[in-house]
Every structure is written in structure tokens, then in C-alpha cells.
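Me: I'm new to this one and would like to know how its labels are earned. Could you show it to me and take my questions?

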Amino acid sequence: MNLFAIFQRHFPTDRHQPFLETESGRVVTFAELDDTTARYAGLITSLGVKPGDRVAVQVEKSVEALMLYLACLRAGVVYLPLNSAYRESEVAYFLGDAAPKIFVHAGKDESWVTPLCQSLNIVHRYTLEENGNVQAGSGDWHINAAKTAPLLEVVERSDDGLAAILYTSGTTGRSKGAMLTHKNLSSNAEVLHRYWGFKADDVLLHTLPLFHVHGLFVALNTILLNGGKMIFHSRFDAPAAIHAMQHATVFMGVPTYYTRLLAEPTFGLETCKNMRLFVSGSAPLLPETFDEFHARTAHTILERYGMTETGMITSNPYYFSDGKRRRGTVGFPLPGVDVRIMLDDGNVAKADEVGHLQLKGPNVLAGYWQMPEKTAEEFTADGHFKTGDMAMRDADGYISIVGRAKDLVICGGYNVYPKEIELLLDSLDGVLESAVIGVPHADFGEAVVAVVVKKDGATLEEAAIITILKSQLANFKVPKRVYVVGDLPRNAMGKVQKKLLRERYCGTFVSK
Ligand code: MLC
Ligand code: AMP
């Protein structure tokens, strides 16, 4: 069933009830949600875009961006969100790979998007806001939609119909498009909605970006299944979030949000007294943060674990009758999700043994877009998806993520695959080779650091390298430090020993 039709069943009978309120006080009702998504869906279908076709979107978070996501569901087309930090060369790869029928982008990027779309033959290019106008909705997308006949119905989609493609970077440096079906999204949202005990009068404080799983599918889809309501902030800002929390009951964030909240002296018992649930995920929550949060607010953060390809996999319990929320763990497999931890020898790990976390379930992706070999590689012969995370299960059944088999850095909840940065560094004049690592960072959890070896006779400057990388990579991927060294440590097989590099540079941002 189309996920939008499932959401619609939960809309209040009185459509004039508020669905969301923004930080500037704009209120959007369910009637407006219905009308705007019908108009946007009308424009999509009037352009001849059909179920299975992709609509790529790279815009800042706004009410209109949210409506565009919902309109894609409603029209039965495939929504393809792109992080607004991605630069031209990154966007060129995604658009070239996914061949969308429509690209909706930010007005300020028109100068490079126009020739890019021409070269890729993407004829339907629209802006969400005009260049120089911060008002989302001022662009030609919204203006044209307002003039188009609305699509009043919801296009039928089968459970295995594609709803979205989300690109995840890869250990080879080439991003893969995870194909997610209506069933993947609805099954995960339904399970979280039940497991986290949503109540009719819940108000979600939404401060996450709208182009990744956490903000889009975990936060948004669960509150839509609940029939609203949301306080909708365009970005995370700790003082603004604390202020809004007094009118909210549920908050979801990456660990950086929690450390930033705790850094605010006003944050505490009083500011959280209306709150029912705090959820953390996308990166490990430090036990110190978990403890300090409890001491300051009397709330126990609920940590969960998931990934783009699978949605949510495990969660600490909401109801204390199901167990306590245990610090340093990601809880139990969600109902309907079959999780196993496998040793290298092919046996299932016993309690407290570390192995590879694999899973099966209705939440697991349909495959990677146009990459059948890669899809086959990521599944075991008996159909379990390999997460690339190292985990262990204790005797009580709580799962902990203890490391990653994949070479991945997670900073502020964003994933950075070192290979992508290394390939770019190695292509620079004067660079012989490079290694990119993650080191501890008080704000972002981990931060990206590059270690570069120069060619004989070449001169390399840290600042110049960072400037070049900033022009080609999303800002969160750019190394916060670049060290130029004589050589890289290698093992007997000639492989770079990143562990040694991580130890050497672990004090870059925090005292050892
Ligand atoms: C910003 N910067 C970052 C960064 N975000 N650097 C490393 N990691 C990050 N995450 C850098 C910018 O490049 C810039 O540097 C400087 O910090 C300030 O940028 P900013 O844009 O003003 O930062 P801010 O708005 O404070 O953003 C930080 C943040 C944001 C933590 C609020 O990154 C964020 O909202 N993260 C959430 C990511 C998320 O949604 N993850 C879920 C993925 S889904 P300079 O040098 O340019 O000045 C997933 C699955 C699952 O993982 O399980 O949920
Ligand atoms: P993404 O590819 O952006 O969806 O990121 C998914 C990855 O984030 C997972 O494979 C984990 O490595 C990591 N992750 C998500 N949630 C947690 C968590 N609670 N604890 C530790 N790692 C997490």
C-alpha cells in the first residue's frame, strides 16, 4: 500500500487542526498538507513522470521541502533527497547515476545546475526558492504547482513499489543508491510507532535534516502515523530547541545534539518537564552523555540503531516492563527484525562474543540502484543483509555496537567514507599517497583527519589542500586537519595501519 495513503488514514477528521508549527510561528494545517501535496503531485504527474521514475531534490529544510517528499509518495514516484551540503561534482554523480525525470534545487545553485542538467538531459529543472530569496516557495516549483490541477487521489503502489532512493557512500569511494520500498518504510515506521508508545497528544520537536533516514523516515514517518503534530525547526539550534521543548513531548537527535543541549546552562529538569521521550541514534551515544542527561533532566535517553539500507534495526525499550534502557547498548532487535551476530568462522556468536551484525526483515532494502553485483555482495547466501557493524549481545539480550568492519567515520551523525577523500587527495598535485581517519572530537563525536605523503620535491600546505577539498566536497567531509608526513605506517602485507594513525592523532581535538 502507498505509504501516503497509510498516513492519510491517520489525519484528524477535522482537517483544520494544525499539523506543524515552524520556529517563526507559521502554522500548517492538515488541510494545507492535503492541498499542497495534491498540487505538487499534480505538477509531477502533469510532467509525465510515472511510478518508478525518480524525482531528485537538493534543497534546504523547509515546509515546502517536506511537502515535496510527501507529494512524491502521493504521486507514486521515487523520492531522491540529496544533502544540501553536496557540491557540484558530488551532485553530478548522483544525477548521472539515478537519471531523475525532475530535479528540484536551491535557487542559489542555478548557475551550475542549469548546465549540469542540460548535459545530463534532465529537462524538468525547478527551484524551490528563487535566487536571493530565502523564502521556500518563491521558486518556480511552487508557482507552477499552484497553477496546475491538483492530483486528488493517491497513486496506488504495491508493497514492493519503490518509494525512495537514498545514496550512501561506500568503502570503494563510489556511492550506492539504496532502493527503499513503500513496505520498507511503512513496516519500520509502524513498528517504531508501537515500540516507542506514541500517544494521541504527542508533539514531536523536529530539528533534524530532511535528507537522511533519521529526520525523514524515523522522525517524520512515525509522527505522521500518529496523525501529527510537530514543532518544525529548519535546523538544530540548542537554545531554540530548549525553548520549544516546553511545548513538545518527543525529541530525536544525533549524539551531538545531546552534548550541545547539555552545554546549555539553562537545560534541565524544568525545561524538559513536558517531555516524554528522547531518542538518540545515527552514531554511538557516549555513556557519559547518557549519565549526565539523566542526572540533569531525570530522563533516560532511548538509544536505537539503524542504517539507510534497513531503517531501524534495534532499540532500547520504551516500556520499563520490557526492560531498562541500558547505557552503551542499542537494545533489542525490533519486532519482526531477525538479527544475528556471526563469527568469522561462520558460527553464530555466543553471549558477549563480538561478530558481524546481519539481519533479515521487511525493513531491508530492495537492493542498490543498478548495482546487482554490489547488492549480491551485501547479502549472505541465506538472504541476511550484512551491516558492516561489529556487535555483541550480552546474556540479557542487549546488543552493543562495538566497532565497524567498514572503513567509516561518523561525525555529527553524518557518514564519511575515507576512500572517497583519499581518492581526491591522491589526485592532487604533489600528493604521493594519503590515509583518512576519524579521531575523537568533543562536539562531532569523531572528526575527519587526513595524513598525506608528498612526492619528492613537492611542497604541500595544509590550508591549500583544505581549500581545494572544500570546493569539491560537502563541508562535513572536509578533513578538519591535514598532516603532511614522510611516510605511512604499513604492516607486513603493505597495508596502511590506520589503527596506528588513529592512536598517533587521537589527541588532535581532545586531550589524551
Ligand atoms: C557541520 N560541520 C560538520 C558537521 N556539520 N563537520 C563535521 N561533521 C558534521 N556533522 C562543519 C561545517 O563544515 C562547518 O565547517 C562547521 O561545522 C559549521 O557548520 P554548520 O553548518 O554551522 O554546523 P551546524 O549547523 O552546527 O551543524 C552541525 C549539526 C549537523 C551536528 C547540527 O551536522 C546535523 O544536524 N547533523 C545531523 C546529521 C544527521 O541527520 N544524521 C542522520 C543520518 S541517518 P566550516 O569549516 O565549513 O566552517 C543515519 C541512520 C541512522 O545515520 O541510524 O539514523
Ligand atoms: P547511514 O549509512 O548513514 O545510514 O549510517 C548507518 C551507520 O551508522 C550504521 O551502520 C552504524 O555504523 C551507525 N549507527 C547508527 N546508529 C548507531 C548507534 N546508535 N550506535 C552506533 N552506531 C550507529
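Reply: Happy to help; here are a few labels and the values behind them. This is a predicted model, where local features need pLDDT of at least 70, side-chain atom pairs count only at pLDDT 80 or more, and totals for chains, interfaces and linings use all residues. Residues are numbered from 1 along each chain as its sequence is written, chains are lettered from A and ligands numbered from 1 in the order written, and side-chain values use heavy atoms, with hydrogens and water left out.

Me: Why is Phe-251 called buried?

Reply: Buried means under 20% relative accessible area (exposed is over 50%, partly exposed in between; 1.4 Å probe, protein chains only). Phe-251 has 0% relative accessibility, so the label fits. Phe-236, at 7%, therefore counts as buried too.

Me: What makes the pair of Tyr-69 and Phe-217 tilted?

Reply: Rings of Phe, Tyr and Trp (its six-membered ring) pair if their centres lie within 6.5 Å; planes under 30 degrees apart are stacked, over 60 edge-to-face, and the rest tilted. Here the centres are 6.1 Å apart and the planes at 55°, so this pair is tilted. Phe-236 and Phe-251 are tilted as well, because their centres are 6.4 Å apart and their planes at 50°.

Me: How do you know that Lys-61 lies over the face of Phe-232?

Reply: The rule asks for NZ of Lys or CZ of Arg within 6 Å of the ring centre and within 35 degrees of the ring normal. Lys-61 is 4.8 Å from the ring centre of Phe-232. Likewise, the charged end of Arg-276 sits over the ring of Phe-198, 5.4 Å from its centre.
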